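I opened this notebook to record what I looked up in one structure. The entries follow the order in which I made them.

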Amino acid sequence: MRNKDDAVGGGVAVGAKDYAAVAAQHARDLILLLDSEGTVLWASPSHREVVKTEPQSMIGRRNLEFVHPDDRARAREAFARRMSSRKSETIELRLLRGDGSAIEVESLGVPIVSRGTVFGNLYL
């Protein structure tokens, strides 16, 4: 079934321009949007289930706060490389969960460039 915006029924009705937003809201993967300083601008709802942290509580905080202390230097170096090279990079690290435990993840960092300037990173 299709609605007036041409979306298939049986789930979430959206227009074509909203598909990415719906995917991000319902993805099981952890997704973070950071500014150029590494501050969290948006965190996917999946953080609630996977790392036991409310996504809203992450906004405005540095992403390194959620990285295991032993992995922070590597994460910081990878972030700096992506910002200067403008190239995506995958690293393995541990994230801290809300209960104090850690979870191992593979993180793909994608620099976001607009008008020639890197203004942030998207983490998947």
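**Entry 1. A residue between a helix and a strand**

Is Arg 86 buried, partly exposed or exposed? I noted first that I was working with a predicted model. I then read a relative accessibility of 44% for Arg 86, so this residue counts as partly exposed, the class between under 20% and over 50%. I located Arg 86 in the loop that joins α4 to β3. Its backbone also drew my attention, since Arg 86 has a positive phi of about 60° and is not a glycine. I kept in mind that most residues other than glycine have a negative phi.

**Entry 2. Confidence and overall layout**

I checked the confidence of the prediction before going further. The mean pLDDT of the chain is 82, and 77% of its residues reach 70 or more. Over residues 1-9, however, pLDDT stays under 50. For that stretch the model has 15 contacts beyond four places in sequence. I did not follow these up, because predicted coordinates should not be read in detail where pLDDT is low.

I then listed the secondary structure and found 4 helices and 5 strands. Along the sequence they follow the pattern α-β-β-α-α-α-β-β-β. The chain has 124 residues, and buried residues make up 34% of them. Among the contacts with a separation of 6 or more, 36% are between residues 24 or more positions apart.

**Entry 3. Lys 52 and Ser 101**

I looked up another residue with a positive phi. Lys 52 has a value of about 55° and is not a glycine. I found Lys 52 in the loop between α2 and α3, and its relative accessibility of 43% makes it partly exposed.

Which residue did I compare with Lys 52 in position? I chose Ser 101, which is 49 residues away along the chain, and the two C-alpha atoms are separated by 9.9 Å. Ser 101 sits in the loop between β3 and β4 and is partly exposed at 29% relative accessibility. The side chain of Ser 101 makes a polar contact with the side chain of Asp 99, at 2.6 Å. Leaving out residues up to four places away in sequence, Ser 101 touches Leu 95 and Leu 96.

**Entry 4. Two residues of the loop between α3 and α4**

I turned to Asn 63, in the loop between α3 and α4. Is Asn 63 buried or exposed? Its relative accessibility is 12%, which is under the 20% limit, and therefore Asn 63 counts as buried. Beyond its neighbours within four places in sequence, Asn 63 is in contact with Leu 34, Gly 38, Val 40 and Tyr 123.

Ile 59 is also placed in the loop between α3 and α4. With a relative accessible area of 34%, Ile 59 is partly exposed. I recorded that Ile 59 touches Val 40, Leu 41 and Trp 42, again not counting residues up to four places away in sequence. The C-alpha atoms of Ile 59 and Ala 43 are 7.1 Å apart, while 16 residues separate the two along the chain.

**Entry 5. Glu 89**

I next examined Glu 89, which lies in strand β3. Its relative accessible area is 19%, so Glu 89 is buried under the 20% limit. What does the side chain of Glu 89 make a polar contact with? I found the side chain of Arg 81 as its partner, at 2.5 Å. Apart from residues up to four places away in sequence, Glu 89 touches Ala 78, Arg 81, Arg 82, Ser 107, Leu 108 and Gly 109.

**Entry 6. The largest pocket**

My last search concerned the largest pocket, which holds about 350 Å³ of space. It is lined by 23 residues, and those closest to its centre are Leu 30, Leu 95, Val 105, Ser 107 and Tyr 123. Which element gives the most to this lining? I found that β3 does, with 4 residues. The elements that each supply at least two lining residues are α2, α4, β3 and β4.

I sorted the lining by class and obtained 16 nonpolar, 3 polar and 4 charged residues.

Notes
Residues numbered from 1 in each chain as written. Predicted model: local features only at pLDDT ≥ 70, side-chain atom pairs only at ≥ 80, totals over all residues. Heavy atoms only, no water. 1 Å grid on protein atoms, 1.4 Å probe; cavity = no way out; pocket = protein on both sides within 12 Å on 5 of 7 lines; lining within 4 Å. Points joined across faces, edges and corners; volume = space filled by probe spheres on them. Nonpolar A, V, L, I, M, F, W, Y, C, P; charged D, E, K, R; others polar. Buried < 20%, exposed > 50% of the residue type's maximum accessible area, 1.4 Å probe, protein only. Polar contact = N/O pair within 3.5 Å; in protein donor to acceptor, adjacent residues only side chain to side chain. Contact = heavy atoms within 4.5 Å. pLDDT = per-residue confidence, 0-100.
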